[in-house]
Amino acid sequence: MIKHALFVLALCLHSPWAAAGIDLFKDENGKTKWQHLANFSSATLIIILSIAAVYLFIYSRRAHRANRELTTIKQELEQRVKERTATIDESNKKLTQSNLLLESEISEHVITSDQLRASESYVKDILTSMPLMLVGLNKDGQVTQWNRRVEELSGVSSEKALGKTLWEAYPTMTVVPEHIQQAIEQNKTIHLKQSLRSLSHFDITIYPLQGTEAGVVILVDDVSKQTTAENLLIHNDKMSFMGELASTMAHDINIPLQSILMDIKRFKNIMASVPALEQGDSDTSAQMDVIFRDMSDKGDQVSSIIHNLLTFARNRQAEKQMADIVDVMEHTVNLGKEVITISEGLMFREVKLEWQIEKGLPQVPCYITELQQVFLSLFRHACIAMQKKLGNESLVKEGFEPTIKIILSESYDNLWVKIQHNGVGLTSEEQMRLFEPFFSNSTQAEDFDTGQHLSFSYYIISEQHQGHMAVTSDPDLGSTFHMQLPINH
């Protein structure tokens, strides 16, 4: 406003009226009346200042009113800012609480996930490391679990087995679909037993799952060692009893036998001293000599059998002995000629023996009596097979002669013993049952077919001598028994 007033004053001063006004302040002589000019200027300035003061007052009132309005607006804005700030703080507080809760829940979920992962890993390790074979199946028979033990025995990895049916993944499994359906439908556990060629024995358990996921779990336990130990215990008891029985019988027979032999010798001496016989018919004397000689030989033979029975009945030594396998086999053959007689009539002494012995065979550590028992069992088994062939005219070819071939050789630090016969061979089923224990409660003599079972012989070779025993056979050509004995053990 002051600027406007000054601008108007400047215009007035430069206007013609201002020039004319100045002329008013001059006298007749043209001199300026400075007193009048000063008064006029002062009045003008006062007027202008008054106007300026009025305007300043008006504008001051407006400014004061504007300041009050601005203060009110400021206070309202500050109040709104406080309210917004409080709202934001409350929101931030709630958001912070929510974040804390979320972080807590996330932490709990992480801990739970870690625990679940650890539990799952622990359960998986248990299933993987357990010595039992474990197979899980769903209701359709598809594999859901396949642990490491099953992989080792079946040769099928879990990646290939999962998702397939059990019989696609492992065709030789003896569990059939009917067993699975029976376990699911009847909701009960099923127990099965399985034997593979008398070498492995398994207990199979099938039980249904009780959860919402229908299916079954198959557990297969290898009880071969337990079964072998149980069979061994039974065999040891039987063999101990048989040894005592053989020893008792040998002693009981030996006493009257020796008396008979002494009586025969005394009778022979008495008859030799009779003059009638000395001077009588020479033919009668020769016949008497033949009879006495035959009686004496038979008595000596029985005495030899008793001696062998007593030797056989003795318990084996605590430690193995170094022995010449050729001598052991020859002694066993001689013993077999005395004790092996098949009820149908074939005697071991009538069998043709063929020997094939490698030169320079080393001695082997063994239990001599037990090896003799094994060889006797094999000779008896061979005689039974050859007698069966003799009794069947359709099998006997022209010129057939019961023959046993004995082969002794050395290979790769092992001594190999092969006993081969040309009798009736074994079928596949008979080969599977050959090394299984034989038990019978029958009292009929024909039911005691123990010569067809060689489980104890197998145990003696495999367990007592840490060797191996196997059989190869053809029903038309005969059988060959293979025994491997370690030389340095």
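This is a short tour of the predicted model, stop by stop.

**The whole chain**

Start with everything shown as a cartoon. You should find 14 helices and twelve strands. Of the 489 residues in the protein, 29% are buried. The accessible surface comes to about 32,200 Å², and carbon and sulfur atoms own 55% of that. If you like contact maps, look off the diagonal: among contacts with a separation of 6 or more, 59% join residues 24 or more positions apart.

Now color by pLDDT. The average is 76, and 70% of the residues score at least 70. Then select residues 439–451, where the pLDDT is below 50. That stretch still has 13 contacts in the model beyond near neighbours in sequence, but read them with that score in mind.

**The largest nonpolar core**

Select Ile325, Met329, Phe375, Phe379, Ile404, Ile419 and Met483 and show them as sticks. Within the largest nonpolar core, which has 43 residues, these touch the most other members. Helices α11 (325–339), α12 (368–391) and α14 (455–464) each give two or more residues to this core, as do strands β8 (364–366), β9 (403–411), β10 (414–421), β11 (468–474) and β12 (478–486). Which element gives the most? That is α12, with nine residues.

Zoom in on Ile325. Setting aside neighbours within four places in sequence, Ile325 is in contact with Leu361, Leu371, Phe375, Leu408, Leu415, Val417 and Leu485. A second, separate core has 21 residues, including Met133, Val156, Val216 and Val220. As background, nonpolar side chains tend to be buried together in soluble globular proteins.

**Helix α14 and what follows**

Is α14 mostly covered or mostly open? Mostly covered: eight of its ten residues are buried. Pick them out as Ser455, Phe456, Ser457, Tyr459, Ile460, Ile461, Ser462 and Gln464. Step just past the end of α14 to Gln466, which takes a positive phi of about 50°.

**A loop residue with distant partners**

Next, select Glu358, in the loop between β7 (352–357) and β8. Not counting residues up to four places away in sequence, Glu358 touches Leu408, Ser409 and Glu410. Draw a distance between the C-alpha atoms of Glu358 and Leu408: they are separated by 6.2 Å, though the two residues sit 50 apart along the chain. Even with those contacts, Glu358 counts as partly exposed, at 36% relative accessibility.

**Three salt bridges**

The structure holds three salt bridges, and you can visit each one.

- Asp114 and Arg117: their side chains meet at 2.9 Å, N to O. The two are three residues apart in helix α3, so about one helical turn separates them. Asp114 is partly exposed, with a relative accessible area of 40%.
- Arg149 and Glu152: the closest N and O atoms are 3.3 Å apart. Here too the spacing is three residues, or about one helical turn, in helix α4 (residues 148–154). Glu152 is exposed at 52%, whereas Arg149 is partly exposed at 25%.
- Lys352 and Glu354: the closest N and O atoms are 3.6 Å apart. Lys352 is partly exposed at 36%, and Glu354 is also partly exposed, at 30%.

**Last stop: a nonpolar patch**

Turn on the surface and select Ile47, Ile51, Tyr55 and Tyr59. Together they make a nonpolar surface patch of about 390 Å². Ile51 belongs to helix α3 (residues 34–129) and is partly exposed, with a relative accessible area of 41%.

Conventions
Residues are numbered from 1 along each chain as its sequence is written. This is a predicted model: local features need pLDDT of at least 70, side-chain atom pairs count only at pLDDT 80 or more; totals for chains, interfaces and linings use all residues. Side-chain values use heavy atoms; hydrogens and water are left out. A nonpolar core is a set of buried Ala, Val, Leu, Ile, Met, Phe, Trp, Tyr and Cys residues joined through side-chain atoms within 4.5 Å. Buried means under 20% relative accessible area, exposed over 50%, partly exposed in between (1.4 Å probe, protein chains only). Helices (H or I, at least four residues) and strands (E, at least two) are DSSP runs, numbered from the N terminus. Contact means heavy atoms within 4.5 Å. Patches are made of residues with over 30% relative accessible area and no salt bridge: like charges are joined within 9 Å, nonpolar side chains (Val, Leu, Ile, Met, Phe, Trp, Tyr) within 5 Å. Accessible areas come from the Shrake-Rupley method with a 1.4 Å probe; for residues, only the protein chains shown count as cover. A salt bridge is a side-chain nitrogen of Lys or Arg within 4 Å of a carboxyl oxygen of Asp or Glu. pLDDT is the predictor's confidence in each residue, from 0 to 100.
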